[in-house]
Amino acid sequence: MKYKNILEEEIKNKVTQDFFQKFDCTKILGKIDFAVKIKRSQQAINFNDEYLLWAEAKKYPADILAMLTQLVLTIGKARTFDEILPPKFLGCYDNEKIAFVPYHDVQDIFYQNDFNWSVTPSNHDTKEFKQVYNQVKKVVENDIPWETYLFNFESDEKELRRFIRENFIAGKLDISKNKIDKSNFIIIYNKWLETVKPTISVNWEAAKRSEIIDGDFYLADLLSAENKTLKEKLFVLLKLNFYEIDRKLEESGMFSSKRADFTDNQKAHNAFWAKYERPPKEDYWDYIIERRDLLVPQDVRERKGSFFTPRQWVELSQKYITDVFGEDWQDEYTVWDCAAGTGNLLAGLTNKYNIWASTLDRQDVDVMRERIKNGANLLEDHVFQFDFLNDDFSMLPEGLRKIISSPKARKKLIIYINPPYAEAASTATVAGTKENKTNVAVTTKTYQRYQAKIGIAGRELFAQFFARIYCEIPGVILAEFSKLKILQAPNFENFRKLFQAKLEKMFVVPADTFDNVKGKFPIGFYIWDTGKTKNFTRIKSDVYNEQSNLISTKFFLSYANTQTINDWLISTRNRFNEKNIGFVSCKGSDFQNVNLIFIINHKSQLPHPRGTWITDKNLAEVGIYYSVRHCVKATWLNDRDQFLYPNNGWKADLEFQNDCLTYTLFSNNIQSQYGANHWIPFSEAEVNSRDKFESRFMADFINGKLEQPAKNTLFSKTKESKKLEFSATAQAVFDAGKELWKYYHAQPKCNVNASLHDIREHFQGRNDKGKMNTKSSDEKYTELITTLRNSIKALARKIEPKVYEYGFLK
């Protein structure tokens, strides 16, 4: 056995050194174990990294088919092939053998319908693993000469070297072209922007004014065969070695010619499209054209509307409208989607004479009218260009203008929208890693008109839509998709004072089921009656999962005039004769900000500190605050729930206070490099320290050796007991932590004053980007840290019911 009794990482290094030394094997591709690509110095003119192999690696002899199956599930789960051109081979190896499979022989597995790619790839017991295993087995047994691709490192060494020498050649991959579908055409567009667009001889600013976008040239390329566009109804057509601009747009004067040539004799264009199979399956054509709205810069997408509504939620929303207004609502009500985009929200509606659709972009109007020719159930005269946040209602078609001008007719008007989303700030701007983009939303006439009334909420486009609808088209039904800010966000308090429509019914779904939406939070569908005045306080909502299954119900509250957990923590500050021992960051009071709640040595470590000092006088409250914020798992559903000012029950519950202190001691971000570490929960003798600690504060505090004010809290100094008493669950955390500290202090180059963060960094190290690695090659450490983490999770489960009992969450 060639690689006996060595670690998996060492096997990877040995395989690289012995067989792939001429290649670059340093790149980490997500959770793919091993990747081989052409070194830059070898690579021909190519606009993407040229990978030759993605492989699964194991330490001990393993089933080849199982390893390949795990690799396929890993790639499919991350959809690595959407971002990076796939390699010539997939493969796997252990400490005795290596196997290769041509990528094109298995790529169809990635495109199968109705497959759950979210399963854990290493779990061999799932039905998905077994399904892919059988598919891989079929490929190996029926489609390829398996003996050609399987090698023993020792007995087949010469054959393996010959195989690599003959097949791993720069610029000669000889693999099937990468398939294009509705899942990856945006990724390919982004690559096209970098490589092909710069070689097209077009004045892009002039094109933009004429509402021609680079995406139109991309569509001309994409929907073509042999460099001839197959779809004639596009705004730009590819004609072998040049583009032809749509005649109507050319006559607008923005283009001096109907023709756009290549500046490099089409070299970049040909090299780029040599990697992809054109055109995509015809089944995808209409979808891709319909999603032209995605082929624009991010800021334009946000202004026009980035939450393209998935068909499953379109159908569900129409069911809810039927539940509220009856089965004949489409005959009794008029529907206006005033942020229609390409009209997908209106799919499924049956009475085209009662439907109006308007959109900001003229070319979206053209797309909808093209869809009408292909059978979309809309009237061409009811589809029009209209900038809802800027244009005057006098510009509306006469039929619709009459409806909104009549109080009686307005009662039978449903404004049915998934409005555009753009906001001035995000978590990244709060954290200081991005700039605010206020100008995205504050340049509209609607913002200028209502900003004084709705305050900060006016910086979000969907709030502007709702303000104008409520104030200028009163009495209508508003059926809309939006985030929960309208119900709960503190920044929307002024908005809710203005917008007092009655909320009749709603449901929520995961936000990441919408195109272009990242993050785990709820998006709701709401049915408001603006003709009925009601101050929102709470509602019971239906909850659906990604598969459109009703999984639960949940109450959503407005939190109006409610103090938050941050207000409570502020009240614990400024006690007499305090000693600072750390700083707790306190940004936001809901689940979405949980990653901004952490404990560090000093506030100077933050660019924009927002929080409070931790002292010997407020340690109990800070421990409760930190634990409460972290021990309840954040999910997409509770993402906007607010942590509140508690009742007084916690004050008499010393076990709860001590549990929270324990949780905090073993999950903070204290680092000794930033000052004295006051957070070591053990004495020198308990962990066999080689020298005296710089600070014994925490150990002395736990053992009751500090003077404390006499009151009924964690700080009580009583004659019966000075030492803190911990529950069995908390004590298990201390025991696990002590073993970890002892193991660290036995290391040759330990830091006597090390914090838990320092200990983790010592064993786990950092990657080339400076981030701490998630794993360690030290098996003893891995065992100890796993025990500690499991005990902390058990403690969090014990604390969680108290969070609700004491009113921190409702």
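This text walks through parts of a predicted model, from its N-terminal end to its nonpolar cores.

The second largest pocket comes up early in the chain. Its volume is about 2,000 Å³. In general, rolling a probe the size of a water molecule over the atoms shows where empty space is left. The lining of this pocket consists of 45 residues, and those nearest its centre are Glu9, Lys12, Ile28, Gly30 and Asp33. Two or more lining residues come from each of α1 (8–19), β1 (34–37), β2 (51–57), α2 (64–78) and α3 (80–83). Helix α1 supplies the largest share, six residues. By character, the lining of the second largest pocket holds 18 charged, 15 polar and 12 nonpolar residues.

Strand β2, one of the elements that contribute to this lining, also contains Trp54. Is Trp54 buried or exposed? Its relative accessible area is 0%, which is under the 20% limit, so Trp54 counts as buried. Phe89 lies 35 residues away from Trp54 along the chain, yet 6.7 Å separates the C-alpha atoms of the two.

Further along is strand β16, which spans residues 501–510 and is mostly covered, with seven of its 10 residues buried. Strand β16 has pairing partners in β17 and β18. With β17 (residues 522–533) the pairing is antiparallel and runs over nine bridges; within it, Lys502 is opposite Asp529. With β18 (residues 538–544) the strands run parallel and are joined by two bridges. Here Phe507 is opposite Asp542. In general, the side chains of a regular strand alternate between the two faces of the sheet.

A separate example of strand pairing is an open sheet of three strands, in the order β21-β20-β22, with antiparallel pairing. The edge strands, each pairing on one side only, are β21 (599–600) and β22 (611–615). Strand β20 is joined to β22 by five bridges, and in this pairing Phe583 has Trp613 as its bridge partner. Between β20 and β21 there are two bridges, also in the antiparallel sense, with Val584 opposite Ile599. Why is β20 described as largely enclosed by the rest of the structure? The reason is that five of its six residues are buried.

Strand β20 also leads to the largest nonpolar core, as one of the elements that give it two or more residues. In soluble globular proteins, nonpolar side chains tend to be buried together. This core has 63 residues, and the members that touch the most others are Leu619, Phe656, Phe666, Trp679, Met698, Leu788 and Phe808. Besides β20 (580–585), the elements giving two or more residues are the helices α24 (565–570), α25 (619–631), α26 (654–665), α27 (697–702), α28 (728–745), α29 (756–764) and α30 (779–805). Of these, α30 gives the most, nine residues.

What does Phe808 contact, leaving aside its neighbours within four places in sequence? Its contacts are Ile565, Trp568, Ile624, Val628, Gln642, Phe643, Leu644, Pro646, Phe656 and Val803. One of these, Phe656, is itself among the core members that touch the most others.

A second core, separate from this one, has 51 residues, including Ile404, Leu498, Tyr526 and Phe556.

Technical notes: Residues are numbered from 1 along each chain as its sequence is written. This is a predicted model: local features need pLDDT of at least 70, side-chain atom pairs count only at pLDDT 80 or more; totals for chains, interfaces and linings use all residues. Side-chain values use heavy atoms; hydrogens and water are left out. A nonpolar core is a set of buried Ala, Val, Leu, Ile, Met, Phe, Trp, Tyr and Cys residues joined through side-chain atoms within 4.5 Å. Buried means under 20% relative accessible area, exposed over 50%, partly exposed in between (1.4 Å probe, protein chains only). Helices (H or I, at least four residues) and strands (E, at least two) are DSSP runs, numbered from the N terminus. Contact means heavy atoms within 4.5 Å. On a 1 Å grid over the protein atoms alone, a cavity is a set of points where a 1.4 Å probe fits but cannot get out, and a pocket is an open set with protein on both sides within 12 Å along at least five of seven lines; lining residues have an atom within 4 Å of a point. Grid points are joined across faces, edges and corners, and a volume is the space filled by probe spheres set on the points. Ala, Val, Leu, Ile, Met, Phe, Trp, Tyr, Cys and Pro count as nonpolar, Asp, Glu, Lys and Arg as charged, and the others, Gly among them, as polar. Two strands pair if DSSP finds at least two bridges between them.
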